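User: Could you take a close look at one part of this model for me? I'd like to hear about the largest pocket.

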Amino acid sequence: MLFAHFGEITWQHTFLSASAAEAHAAVVENSDPFAAQLLALIMGLSTIVVFRVASDVYIERRRVPVAGTIARLIDTEIVPVARQIASSWELSERMDEALADQAAGSGTAPSSLGRSLQFGRFAGALAVLRARQLIDDDAAAAALHTGGREAEACTRIWARLVATQP
């Protein structure tokens, strides 16, 4: 089956992203850890929604899903769908702004909550790759190295994140 592990991998990424975003908000940004965690969960939910809608359209049209097309749809639609979910849940403007910060080429500097969400999603992706033995600890550490005052905090967050993995 073409996408047999999509849900499992997406949940793993979502869980790890939420953990990392929460820690980053608390330790690095002195922001709202609960909001960062919730936003990472919403991004994961929106990934599943976009995937399901795209899959349903392929099935309806009796076509074989094309992985590249679905990946592009997820890349372009995840933020708008996440913002729609947040709006329907009547989340704050600050949380909507953090979601908007996730759009590629938004042109503005991300908010502190947006930075925590970005870090969480990036660290979560690295942790999934590491757990699936597609990268090693050295490659993950190199990718996470941000320099400055954040480097040590990010290293501690990473150590906690990977401690939860087998």
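How many residues line the largest pocket, and which lie nearest its centre?

Analyst: Quick ground rules: this is a predicted model, where local features need pLDDT of at least 70, side-chain atom pairs count only at pLDDT 80 or more, and totals for chains, interfaces and linings use all residues. Residues are numbered from 1 along each chain as its sequence is written, and side-chain values use heavy atoms, with hydrogens and water left out.

The largest pocket has 22 lining residues, and H13, T47, I74, D75 and R121 sit nearest its centre. A pocket here is an open set of points on a 1 Å grid over the protein atoms alone, where a 1.4 Å probe fits, with protein on both sides within 12 Å along at least five of seven lines; lining residues have an atom within 4 Å of a point. Its volume comes to about 520 Å³, taken as the space filled by probe spheres set on the points, which are joined across faces, edges and corners.

As for who builds the wall, α1 (6-27), α2 (33-60), α3 (67-88) and α5 (112-131) each put in at least two residues, and α3 gives the largest share, with 7. Those helices are DSSP runs of H or I, at least four residues long, numbered from the N terminus. By character, the lining splits into 13 nonpolar, 5 polar and 4 charged residues. For that split, Ala, Val, Leu, Ile, Met, Phe, Trp, Tyr, Cys and Pro count as nonpolar, Asp, Glu, Lys and Arg as charged, and the others, Gly among them, as polar.

One more thing about a neighbouring topic: L39 touches M95, A98, L99, L113 and L117, leaving aside residues up to four places away in sequence (contact means heavy atoms within 4.5 Å).
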